[in-house]
Amino acid sequence: DPVTNKSPIVGLVPADKDKYYSVGVIIEILCLVYYVDDIPTEIDNFNKHLTSNIIDGTLFIEKMQFLMLQYMYRNLVGLNGDDMTYGMFLVHLASAMATRMGLHQNIRDLYKDKENLCGDIASLETLWYFILLSDLEVSFNMGTPLRISDNHFYQHSSDQLAVSRITLLVKFITLGRNVLRIIHHHETKPDLKKLIGSLRDFLKESFKPLSYYLNPDNLDGSELGELHILFLTLAMMFNLADLQRVCFKEKSAEIINSCVQYSFISLLLATNITKKYFMLDCIYSAETMVSKPGGLTPYLSFAVFLTYNVMIRIISEGCSLFLVGVAFVEQRALSDTYSKEYFAEFEVFDLSLDSLEIAEDHYVSVHIVIDKLNSIFDQLFKTEDEQILHIFANVYPFVVLFSLQKLSREVLKSALESRALVEARWQTCAHRATIDVGAGTPALERLHLAGLSDEELRMMAQEFWSDFDTGFCEYTQTDAGQFLASWSGNHDE
């Protein structure tokens, strides 16, 4: 090229099969650094060719590295599937290759004096830990047992474990695997509260106070590995608390507030990280932001890597939890299945979002909790910065998160409106019953004495459930153009 004085690459002709994957590793690293969201067609085709030929009976270290780099790339751009569906294929293949090549054994003995063939021993150990972590991550997100059995879980005794980053990683892998193994055991019922406690103790012992990570001034982009483990641990704690609520029907203040606090802490962390990493892009990637406006920038890709799957889980599961909460008043009026203590609600959000200590003596009113949830969303999505709004409107993972949180708002808003309507009607009936029967009679008994039959009470409940999603249905039927117009940032429409 007479302008750039560079020669184009015409073709790659490696001498041996394994060299193709060496080239693939180099190209994947280039993709991670230079082509975050816009891979050239030639590179994309080459990567697809290598991936399609993975299962050919040959085993190379470079194959595992190539697979795991692809897995990392998919996480960086939010294309691993909301529950790691697409990444599962890559991780399972890498796990099978790793055990066949003996990475689960004592690598320093197995590959002694063979570094000319396998590369640096320390890098092999790091690769093995990365595969173990990814296996745990996929298992947790998909709700399936671990792919790598305990017989193949070997903790290398090496100089690497003296490094705090590796020590933290190994501690989490050991604890996380134990949690998933107990959950998937066929013959015993898991003590989910005990598992939550072990994860909480791990956070207290191994991490700085939550307030440190919630302060954007303390984030500079170098804490990626630490934050990754922090997010995974918080996500597991939230999910276990929600399982305790759903599977074991526990609705104590401890469990409900655990769901709220762990999910809100995660969302608040995700919000602060996304905003701070965007600021880092403005400083260090200004040229990229100008040349590719609306594209995924380097630091924001780190934010996607850390937060995307966690936020998908929290928004969807949290919406389900709060939707049930909206119906508390109706269930209190129409059944005796919940204790009176369950409805001792505070009308102010006083749950700590910079501490792991859970309030066990009271509940917070569900509409107050929903208002707090929306305020956290607004911190991220309701902004006047045109640059980041342009990115949110064009980059796939942010489009998904924005749409999901907006749908969550509409569902909960419709449910709250239906709750208010049905509650008002119920209070009118209860007031009439008080006049006829006497104020000292319990509410449910007053309704019966006032002449309302069980069938009429059931009809009142059915009215709530038939009306609560009316607004949501209207929202989902909105014209696509009108939906996209909502990117203006006005969430109060």
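A residue counts as exposed when its relative accessible area is over 50%, and as buried when that area is under 20%. Keep those two cut-offs handy for the views of this predicted model.

**Figure 1. Here is the whole chain, with its 22 helices and two strands.** Of the 493 residues in the chain, 49% are buried. Now take the contacts between residues at least 6 apart in sequence: 73% of them join residues at least 24 apart. The accessible surface adds up to about 23,800 Å², and carbon and sulfur atoms own 55% of that.

**Figure 2. Meet helix α7, which runs through residues 121–142.** From first C-alpha to last, this 22-residue helix reaches 32 Å, close to the 32 Å you'd expect at 1.5 Å a residue. Most of α7 is covered, with 17 of its 22 residues buried. Look at the start of α7: a side-chain oxygen of D120 comes to within 3.3 Å of the backbone nitrogen of A122. After α7 comes G143, and its phi is positive, near 70 degrees.

**Figure 3. This close-up shows N47, a residue of helix α2 (residues 41–52).** Is N47 buried or exposed? Its relative accessible area is 4%, and the cut-off for buried is under 20%, so N47 is buried. Leaving out residues up to four places away in sequence, N47 touches I27, E28, C31, F66 and Q70.

**Figure 4. Time for some rings: the structure holds 15 aromatic pairs.** In one of these pairs, the rings of Y284 and Y299 have centres 6.1 Å apart and planes at 40 degrees, so the pair is tilted. Y284 belongs to helix α12 (residues 253–284) and Y299 to helix α14 (residues 298–326), so this pair links distant parts of the chain, 15 residues apart. Which partner is exposed? That's Y284, because its relative accessible area is 59%. Y299 counts as buried because its relative accessibility is 17%. Another tilted pair is F392 with F398, at 5.0 Å centre to centre and 45 degrees between the planes. Both F392 and F398 are buried.

**Figure 5. Five aromatic residues gather here in one cluster: F172, F202, F207, Y212 and Y213.** Try picking out each of these rings in the structure above.

**Figure 6. In this last view, charged side-chain ends sit over rings.** The charged end of R177 is over the ring of F153, 4.8 Å from the ring's centre. R313 has its charged end over the ring of F140, and here the distance to the centre is 4.3 Å.

How values were computed: Residues numbered from 1 in each chain as written. Predicted model: local features only at pLDDT ≥ 70, side-chain atom pairs only at ≥ 80, totals over all residues. Heavy atoms only, no water. Helix = DSSP H or I, 4+ residues; strand = E, 2+ residues; numbered from the N terminus. Buried < 20%, exposed > 50% of the residue type's maximum accessible area, 1.4 Å probe, protein only. Contact = heavy atoms within 4.5 Å. Areas by Shrake-Rupley, 256 points an atom, 1.4 Å probe, with all protein chains shown as cover. Expected span 1.5 Å × (residues − 1). Polar contact = N/O pair within 3.5 Å; in protein donor to acceptor, adjacent residues only side chain to side chain. Phe/Tyr/Trp six-rings, centres within 6.5 Å; stacked < 30°, edge-to-face > 60°. Lys NZ or Arg CZ within 6 Å of the ring centre and 35° of its normal.
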